[in-house]
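Student: Please take a close look at one part of this model, the place where two helices pack, and set out the details in one connected answer.

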Amino acid sequence: MSTETVTITDNTSGKSVECPVRKGTLGQPVIECQGIAKELGMFTYDPAFVTTASTESAISYIDGENGILLHRGYPIDQLAENSTYLEVCYLLLNGELPTQTEMADFESKIKRLSLLHESLINFFNGFKRDAHPMSMLVGVMGGMSSFYHEELDIYNPEHREMCAMRVVAKMPTIAAKSFRYLLGRPYVYPRHDLNYVENFANMMFDLPNRESTLNATAVRALDIMLILHADHEQNASTSTVRLAGSSQANPYACVAAGIATLWGPAHGGANEAVIKMLHEIGDVKNIPSYIEKVKDKENPTRLMGFGHRVYKNFDPRATIIRKACHDLLEQLDAGDQQPMFQIAMELERIALEDEYFVDRKLYPNVDFYSGIILSALGIPTNMFTPLFAVARSVGWIAQWKEMIEEPSLKIGRPRQVYTGYAARDYTPIAQR
Ligand code: CMC
């Protein structure tokens, strides 16, 4: 525990308070500010929580300046290179990499839990045929709360474990079912002879009259995409899951709240925007005029999939996914989609050489490549965010578990600066 303090002084009253400085293993220290309210009678103001740490966490760590992302201490590039999404799930949930026996046991339990209750499958029939798949994910995940009453005591470690395993096991089945529902294709049950990602791909693409067309490179690209999105500190959806969980709501409802937050274009929708932009450009010959538009200060157009709020030098996830993306595109035959990929590769080349992008450190980010990969896999754009949700579900539930396991769980309750009317008297309707 650090003994450093920071003195905060109210220059009007002359009162001061000593605030302890708290330090984690890595990253900036934080000032504990509860004393400010107690001693100075003031709250702190930090819209969008940009400089506020809301919790301690040992799950993931980002160093934006140096392009570092750690999951339980392991660099994301080492995990993407050597691990699988399911092993990363184990790591995030349990804090350590599994032994062979632990991994085999985990995988077998996940496989057993991957089936959906047939009544839960019926939920899908209530959705309009053209419903956005994220609405199905929110609804069906929330609906899971009504299926497992006997294992919903959040203070029972075994129940928490089961909830976490169910979320990881069933999210691909729910996402694949929503995809099939959209296309009017028959539901494909999970298979025990396939690994987690192969099974997910099979549930999405298998047809009664032909087998899944995804080859090993494509499955690996999907696996890498899932690994890269598994967790990312206290982002908006993760913070939502924690805030919902702080009220002791059940974990399926909390994860549904996370899915709802991810749905917003400012969070999970950027890869979809990349594909829309590539279609809008339409042809390699239109790139120069598009780039001019992007550079024009009078024009709000931005190059989607470039730049990052936190990673200012490079996004470590983008370096990894770029290779998977290039490998996958090399394997593609010159089909209808090829012009779109040519545009993408040309944009990437320009952005890595053009002064405007180089000076501002605007590199292609993870969404640029994940959009292209998912599109190359034949996944429609409205399924991009659901795939992100599948990947992030382990992060949400691991963070939920970590929070519940803290000895002093407190309901989250931010303050406000009230700017409305001061108290005034009610006027009867006839006198208004
Ligand atoms: N295209 C063109 N110019 C850009 C872009 C872009 N994508 N991004 C930033 N700039 C320019 C911006 O105009 C500004 O120029 P100047 O200094 O001349 O005024 C400079 O770069 C700095 O921009 P900023 O807005 O201060 O940067 P920011 O950190 O606030 O924005 C961002 C980060 C991700 C919102 C932004 O780069 C952007 O809008 N990118 C496109 C959308 C996108 O790809 N979003 C996904 C991000 S990854 C999400 C994840 O982690 O999953």
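Tutor: What follows is a description of one helix pair.

The model is predicted, so local features need pLDDT of at least 70 and side-chain atom pairs count only at pLDDT 80 or more, while totals for chains, interfaces and linings use all residues. Residues are numbered from 1 along each chain as its sequence is written, and side-chain values use heavy atoms, with hydrogens and water left out.

The pair consists of helix H4, residues 100-113, and helix H7, residues 157-183. Helices here are DSSP runs of H or I with at least four residues, numbered from the N terminus. The axes of H4 and H7 lie 8 Å apart and cross at an angle of about 70 degrees. Each axis is a line fitted to C-alpha atoms over the stretch in contact, and angles run from 0 to 180 degrees between N-to-C directions. H4 and H7 are therefore roughly perpendicular to each other, a label for angles of 65 to 115 degrees; under 35 counts as roughly parallel, over 145 as roughly antiparallel and the rest as oblique.

On the H4 side, the contact is made by Phe106, Lys109, Ile110 and Leu113. These meet Met162, Met165, Arg166, Val168, Ala169 and Lys170 in H7, where contact means heavy atoms within 4.5 Å. By class, the contact of H4 with H7 has 7 nonpolar residues, 3 charged residues and no polar ones. Nonpolar covers Ala, Val, Leu, Ile, Met, Phe, Trp, Tyr, Cys and Pro; charged covers Asp, Glu, Lys and Arg; the others, Gly among them, are polar.

Also in H7's residue range is the numbering of Cys163, whose sulfur is the closest cysteine sulfur to that of Cys89, at 16 Å, too far for a bond. A disulfide needs two cysteine sulfur atoms within 2.5 Å, and the whole structure has 0 disulfides.

Definitions and conventions. Helix = DSSP H or I, 4+ residues; strand = E, 2+ residues; numbered from the N terminus.
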